[in-house]
Amino acid sequence: MCIRDSYNGDFSLLKKLVEIKELNGNRIEDIYLPFPQEYAGSGRIARKITKDDVIKIIKFCQENGIEVSLALNFTCQGIEEYKPEFVSRIIKLINFFHENGLDSVIIANPLYIQKIKRELPSIKVIASAFSDIDCINRAIFFEKLGADVLTLNGLNRSPKVLKEIKEVVKCELKLMVNEGCLYKCPLRNFHNNFTSHASQEKKPPSDFCAEFCVRLRKLYPFLIISSDWILPQWLKYYKDITRNFKIVGRTMPTDWIIERTKNYLEEKFKGNLLELVESAVPRFLQLYKAYIDVIYFDDNFFKKVASCDKNC
């Protein structure tokens, strides 16, 4: 298995990840980090990163056999997003990083995928989960635009659809294993637009969408269970679909990222589900000290949720 790991702005994290780079026959293939917020927004409100930071991280990862991806996965930058001078500036920066060893760029906007792949054909283009690729038609569409990798959304418990997509596209498929967003969340587009702007603010405003998600989980705890997470011990079910898995968590502490990485490299996890999953779940855990033991989510549970119609 190839693990795509998150970077939280703490350089010591990289050194610790190198120490556990290969476990159980699996390895950390890639580290992803936000595009410098001075130039563009990102899909998470995370610690600020500079142009010099990116070069330093690329150099370190190259020396240790790990690829680097930049997340240019904003879903909204206002009207600026479509102005030629803004687009040109972004492409020049990507080219600069690529010349200094950047392996890939993660993009949500399909127009940017097409533009960047045409002008910088040698860089790997990854369609973001924010592109909402959740069916065959969208998968084909993004592949034709130039995506080399598709990050699929909301399909982790739909192996039939995953296999159908795999059969019709040639590009690589990537699955997020521990995102805790609500299944088919009605706030998703609005939250992505919010974080795209808030990620560039010096003092980001309160994240209303995340707080609303916390309240929903309090009212309807089953929403925690029905979201699209994959337990580490379930990775075996996906080997015929992809070997490319992404750990979500670049807003989380270093020790948390290290532990989650070990869990997925070793393909095993025991204890509280809420400690494994990201998104608004850590906030829920902090407020309510809830405990959901993963012992209840055995192979029979997986087979049930992977075959039902999801019309709960």
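This passage looks at two pockets, one helix and one strand residue in a predicted model.

The pockets come first. Rolling a probe the size of a water molecule over the atoms shows where empty space is left. The largest pocket found here has a volume of about 590 Å³. Its lining takes in 24 residues, and the ones nearest the centre are His191, Asp207, Ala210, Ser279 and Ala280. Three helices each put at least two residues into this lining: α7, running over 188-198, α8, over 208-219, and α11, over 281-288. As for chemical character, the lining of the largest pocket splits into 11 nonpolar, six polar and seven charged residues.

Next comes the second largest pocket, with a volume of about 340 Å³. Here 17 residues make up the lining, and Tyr183, Phe222, Ser226, Lys310 and Cys312 sit closest to the centre of the pocket. Two elements, α9 (222-226) and α12 (299-305), give two or more residues each to this lining. Of the elements involved, α9 gives the most, with four residues. Sorted by type, the lining of the second largest pocket holds 12 nonpolar residues, one polar residue and four charged ones.

Away from the pockets, helix α6 spans residues 159-168, and its buried residues are Pro159, Leu162 and Ile165. Looking down the axis of α6, these buried residues fall within an arc of 120°, so they line one face of the helix. The face turned away from that buried side is where the exposed residues Lys160 and Glu167 are found. Over the buried residues of α6 lies a cover that includes helix α5 (136-145) along with strands β7 (149-152) and β8 (172-176).

Strand β8 also offers a single residue to look at, since Glu172 has its place there. Is Glu172 buried, partly exposed or exposed? With a relative accessibility of 32%, Glu172 counts as partly exposed, because that value lies between the 20% limit for buried and the 50% limit for exposed. Setting aside neighbours within four places in sequence, the contacts of Glu172 are Arg4, Asp148, Val149, Leu150 and Asn244. Two of these, Val149 and Leu150, fall in the stretch 149-152 that forms β7. His98 gives another reference point: Glu172 and His98 are 74 residues apart in sequence, and their C-alpha atoms are 20 Å apart in space.

Notes: Residues are numbered from 1 along each chain as its sequence is written. This is a predicted model: local features need pLDDT of at least 70, side-chain atom pairs count only at pLDDT 80 or more; totals for chains, interfaces and linings use all residues. Side-chain values use heavy atoms; hydrogens and water are left out. On a 1 Å grid over the protein atoms alone, a cavity is a set of points where a 1.4 Å probe fits but cannot get out, and a pocket is an open set with protein on both sides within 12 Å along at least five of seven lines; lining residues have an atom within 4 Å of a point. Grid points are joined across faces, edges and corners, and a volume is the space filled by probe spheres set on the points. Ala, Val, Leu, Ile, Met, Phe, Trp, Tyr, Cys and Pro count as nonpolar, Asp, Glu, Lys and Arg as charged, and the others, Gly among them, as polar. Buried means under 20% relative accessible area, exposed over 50%, partly exposed in between (1.4 Å probe, protein chains only). The arc is that of the directions from the helix axis to the C-beta atoms. Contact means heavy atoms within 4.5 Å.
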